[in-house]
Amino acid sequence: MDPDFWHERWQANQIGFHQSETNRHLLRHWPQLDLAADSRILVPLCGKSLDILWLLEQGHPVVGIEISRLAVEAFFAENRLTPEVYEEPFGRRYVVDQLEVLCADFFSLTAEDTGKVAAFYDRAALIALTPSQRPGYVEHLTRLLDGGTTGLLITLDYNQSEMSGPPFSVPREEVYHLFEPAFSIEQLFEFDALEENQRFREKGVTTLSEHAWHLRRSQA
Ligand SMILES: C[S@@+](CC[C@H](N)C(=O)[O-])C[C@H]1O[C@@H](n2cnc3c(N)ncnc32)[C@H](O)[C@@H]1O
């Protein structure tokens, strides 16, 4: 999906991916990453996710990346936060307390732009991308992370012929194919999510599982 697709989604408020509560896999599995509270977290393709607020509440400095200015400004307005805004070559940097949001194309950012992070959180980022975009996303993410960086990834698995994405199905084998050998991979959880996802059932999806993964960037 190109940037225009996402700009149009935000413009039309077609943001079915946005959750009004903190993601349950984040709540349940984040402690397994065993991070110090002051560990800085990268949240790629962050939208206006409330998960950012939860990470901040745990004490983590957060750097989010989001291409839509509408989404970024909605995040700050809806959460009554007033950031400082800096014009940068890549776009805009919004800063408030322990939070930075870079309004930019993820693929254009360098590790200098994002700064050093100890972990990343990917919910609805990898699965928002087409099969042909996913290898480039993982390669770029890998470039932004030092060896030893850990992360929580949430994916969906369903029969792609039953529905077109996004969100796309990223089957278990593809997770291994994309992330190994740059990352070690541990599957934390698999959950049958069909019952609670009416939107998928209405489109004819017959099986749907959610997976949580603990990734660790190998030492270079
Ligand atoms: C499916 S949404 C998920 C948002 C968020 N992670 C969440 O859980 O609500 C994907 C987001 O990625 C953003 N996006 C898409 N392509 C991007 C890119 N190349 N760089 C930065 N953000 C991008 C879209 O604007 C959209 O907000």
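## A look around the predicted model

Just after helix α4, Arg 80 takes a positive phi of about 50°. That is a value with a plus sign in a residue other than glycine. This is a predicted model, and Arg 80 makes a handy starting point for a walk through it. Arg 80 sits in the loop between α4 and β3, and it counts as exposed because 6 C-beta neighbours lie inside 10 Å.

Step back from Arg 80 into α4 itself, which covers residues 69–78. Which of its residues are buried? Ala 71, Val 72 and Phe 75 are. Looking down the axis of α4, you'd find these buried residues within an arc of 100°, so they line one face of the helix. Ala 77 and Glu 78, on the other side of α4, are exposed. And what do the buried residues of α4 pack against? Their partners are α1 (3–11), β2 (62–66), β4 (91–96) and β5 (99–103).

Helix α6 (residues 134–144) can be read in a similar way, with Tyr 137, Val 138, Leu 141 and Leu 144 buried. They cover an arc of only 120° around the axis, which puts them on the same side of α6. Over on the other side of α6, Gly 136, Glu 139 and Arg 143 are exposed. The buried residues of α6 pack against β1 (41–43), α5 (111–114), β6 (119–123) and α7.

Now for the sheet. Nine strands make up an open sheet with mixed pairing, and if you trace across it the order is β3-β4-β5-β2-β1-β6-β7-β9-β8. The edges are β3 (84–88) and β8 (183–192), each of which pairs on one side only. On average, neighbouring strands in this sheet are turned by 20° against each other, direction ignored.

Strand β7 deserves a stop of its own. Is it enclosed or open? Nine of its nine residues are buried, so β7 is largely enclosed by the rest of the structure. Thr 150, Leu 152, Ile 154, Leu 156 and Tyr 158 point one way from β7, while Gly 151, Leu 153, Thr 155 and Asp 157 point the other way, and all are buried.

β7 has pairing partners in β6 and β9. With β6, the pairing is parallel and runs over five bridges, and Tyr 121 stands opposite Leu 152 in β7. With β9, strand β7 (residues 150–158) pairs in the antiparallel sense over nine bridges. One spot to look up there is Leu 156, whose bridge partner in β9 is Glu 210. Lying across β7, β8 and β9 is helix α7 (residues 172–179), which runs at about 160° to β8.

The loops on either side of α7 each hold a cis peptide bond. Pro 167 is in the loop between β7 and α7, and Pro 181 is in the loop between α7 and β8. Here are the two bonds:

| Cis peptide bond | Omega |
|---|---|
| Pro 166 to Pro 167 | near 0° |
| Glu 180 to Pro 181 | about 5° |

Arg 80 has company when it comes to positive phi. Asp 34, which isn't a glycine, has a positive phi of about 55°. Asp 34 is in the loop between α2 (24–29) and β1, and it counts as exposed because it has 10 C-beta neighbours inside 10 Å.

Further along the chain you reach Arg 201, which lies in helix α8. Why does Arg 201 count as partly exposed? It has 13 other C-beta atoms within 10 Å. Arg 201 and Glu 162 are 39 residues apart in sequence, and their C-alpha atoms are 9.9 Å apart in space.

Glu 162 turns up again with Gly 204. Gly 204 sits in the loop between α8 (198–202) and β9 (208–217). It is exposed, with 10 other C-beta atoms within 10 Å. Leaving out residues up to four places away in sequence, Gly 204 touches Glu 162 and Met 163. Gln 32 is another story: Gly 204 and Gln 32 are 172 residues apart in sequence and 35 Å apart in space, C-alpha to C-alpha.

Last stop: the ligand. Which residues come nearest to it? Of the 20 residues around the ligand, Trp 6, Leu 45, Gly 47, Ile 67 and Phe 106 do. The shell as a whole divides into 13 nonpolar, four polar and three charged residues.

Conventions
Residues numbered from 1 in each chain as written. Predicted model: local features only at pLDDT ≥ 70, side-chain atom pairs only at ≥ 80, totals over all residues. Near = placed C-beta within 6 Å. Nonpolar A, V, L, I, M, F, W, Y, C, P; charged D, E, K, R; others polar. Helix = DSSP H or I, 4+ residues; strand = E, 2+ residues; numbered from the N terminus. Buried ≥ 20, exposed ≤ 12 C-beta atoms within 10 Å, placed from the backbone. Contact = placed C-beta atoms within 7 Å. Pairing = 2+ DSSP bridges. Axes fitted to C-alpha atoms, helices over the stretch in contact; angles between N-to-C directions. Arc of directions from axis to C-beta.
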